[in-house]
Amino acid sequence: MPRTLGTQITMEKTPSYFVTREAPRRIFTMSRDTKLIVVVRNPVTRAISDYTQTLSKKPDIPTFEGLSFRNRSLGLVDTSWNAIRIGMYALHLESWLQYFPLSQIHFVSGERLITDPAGEMGKVQDFLGLKRVITDQHFYFNKTKGFPCLKKTESSGLPRCLGKSKGRTHVQIDPEVIEQLRDFYRPYNVRFYETVGQDFRWE
Ligand SMILES: Nc1ncnc2c1ncn2[C@@H]1O[C@H](COP(=O)(O)OS(=O)(=O)O)[C@@H](OP(=O)(O)O)[C@H]1O
């Protein structure tokens, strides 16, 4: 971790920590005061996004429909496939709660991060105990990108959107498979909402 002054906070971003079994203990051992931020989105959309990203790097992989099930006609979802397993948020959260209180974990809605980036960033700043510096004035909706972008960056003063790998057009998936996955995730989602005390309204 980089060294910081007393007036600074260190931030580190590794999406895989949330689903890595040893991560909570290791981070707790390093600093029990660490604040954790997790961006969560509808696990079905997340799985399709994950698959779309992998497909762009390895075009020969099997279909999403094929990878999602151990036995599709029996509705047996393959929970060993990472794209599926990662979205079982309630399970992963349990490991973190063995070390960190819920008050030290903040969940950002991936959906609201797109529809209301300033609102979500406002809550992140509050959670970190920072003055709300990032506001609505920092964002604009870029029609070409189809996502909110920054009006200007600190370094160049120019507008900046996220790169091509963020906000790809998703692969078309059989609607029946989407329905099966929604059914699969529902109990995990409900348990997750109950644990964090927030309904993300994923349907
Ligand atoms: N402002 C803005 N611009 C572009 N994309 C945005 C933005 N806000 C959120 N998102 C969503 O971020 C998704 C990609 O983030 P990831 O977490 O998958 O990235 S990574 O794991 O760090 O590579 C990406 O997912 P996909 O749409 O599936 O590509 C976006 O939906």
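Hi everyone, this is a short walk through one protein and the ligand it holds. Please keep in mind that we are looking at a predicted model.

Let's start with the overall layout. The protein has eight helices and six strands. If you read from the N terminus, the order of elements is α-β-α-α-β-β-α-α-β-α-α-β-β-α. Along the principal axes, the C-alpha atoms fit a box of roughly 55 × 45 × 30 Å. Of the 203 residues in the protein, 33% are buried.

Now to the ligand. Which residues are closest to it? They are S49, P148, K166, G167 and H170, out of 13 residues that surround the ligand. By class, that shell is made of four nonpolar, four polar and five charged residues.

Some polar contacts are worth pointing at on the screen. The side chain of K13 has an N or O atom 3.0 Å from an oxygen atom of the ligand. With P148, a polar backbone atom is the partner, and a nitrogen atom of the ligand sits 2.8 Å from it. G167 also uses its backbone: one of its N or O atoms lies 2.8 Å from a ligand oxygen. On its own, the ligand has 640 Å² of accessible area, and the protein covers 75% of that. The elements giving two or more residues to the shell are helix α2, residues 43–57, and strand β6, residues 147–150.

Next, the salt bridges. As a general point, side chains of opposite charge can pair when their charged atoms come close. This structure holds 10 salt bridges, and I'd like to show you three of them.

In the first, the side chains of R72 and D174 meet, with 2.8 Å from N to O. R72 is in the loop between β2 and β3, while D174 is in the loop between β6 and α8, so this pair ties together parts that are 102 residues apart in sequence. R72 is partly exposed at 31% relative accessibility, and D174 is partly exposed too, at 28%.

My second example is R182 with E179, where the closest N and O atoms are 3.1 Å apart. Both are in helix α8, and because they are three residues apart, about one helical turn separates them. R182 counts as partly exposed at 30% relative accessibility, and E179 does at 37%. Going back to our first pair, salt bridges that share partners join R72, D174 and E176 into one network.

The third example is D126 with R132, whose closest N and O atoms are 2.6 Å apart. D126 is partly exposed, with a relative accessible area of 43%, and R132 is partly exposed at 44%.

Let me finish with a few individual residues. S109 is in strand β4, residues 105–109. Is S109 buried or exposed? It is buried, because its relative accessible area is 3%, under the 20% cut-off. The side chain of S109 reaches the backbone nitrogen of R112 at 2.9 Å.

On the surface, I9, M11, I37 and L130 form a nonpolar patch, together offering about 360 Å² of accessible area. M11 sits in the segment before α1 and is exposed, at 55% relative accessible area.

Finally, look at R201, in the segment after α8. Most residues other than glycine have a negative phi. R201 has a positive one, near 55°, and R201 is exposed at 70% relative accessibility.

Thanks for listening!

Notes: Residues are numbered from 1 along each chain as its sequence is written. This is a predicted model: local features need pLDDT of at least 70, side-chain atom pairs count only at pLDDT 80 or more; totals for chains, interfaces and linings use all residues. Side-chain values use heavy atoms; hydrogens and water are left out. A residue is near a molecule or strand if one of its heavy atoms lies within 4 Å of it. A polar contact is a pair of N or O atoms within 3.5 Å; within protein, one must be able to donate a hydrogen and the other to accept it, and residues adjacent in sequence count only if both atoms are side-chain atoms. Accessible areas come from the Shrake-Rupley method with a 1.4 Å probe; for residues, only the protein chains shown count as cover. Helices (H or I, at least four residues) and strands (E, at least two) are DSSP runs, numbered from the N terminus. Ala, Val, Leu, Ile, Met, Phe, Trp, Tyr, Cys and Pro count as nonpolar, Asp, Glu, Lys and Arg as charged, and the others, Gly among them, as polar. Patches are made of residues with over 30% relative accessible area and no salt bridge: like charges are joined within 9 Å, nonpolar side chains (Val, Leu, Ile, Met, Phe, Trp, Tyr) within 5 Å. A salt bridge is a side-chain nitrogen of Lys or Arg within 4 Å of a carboxyl oxygen of Asp or Glu. Buried means under 20% relative accessible area, exposed over 50%, partly exposed in between (1.4 Å probe, protein chains only).
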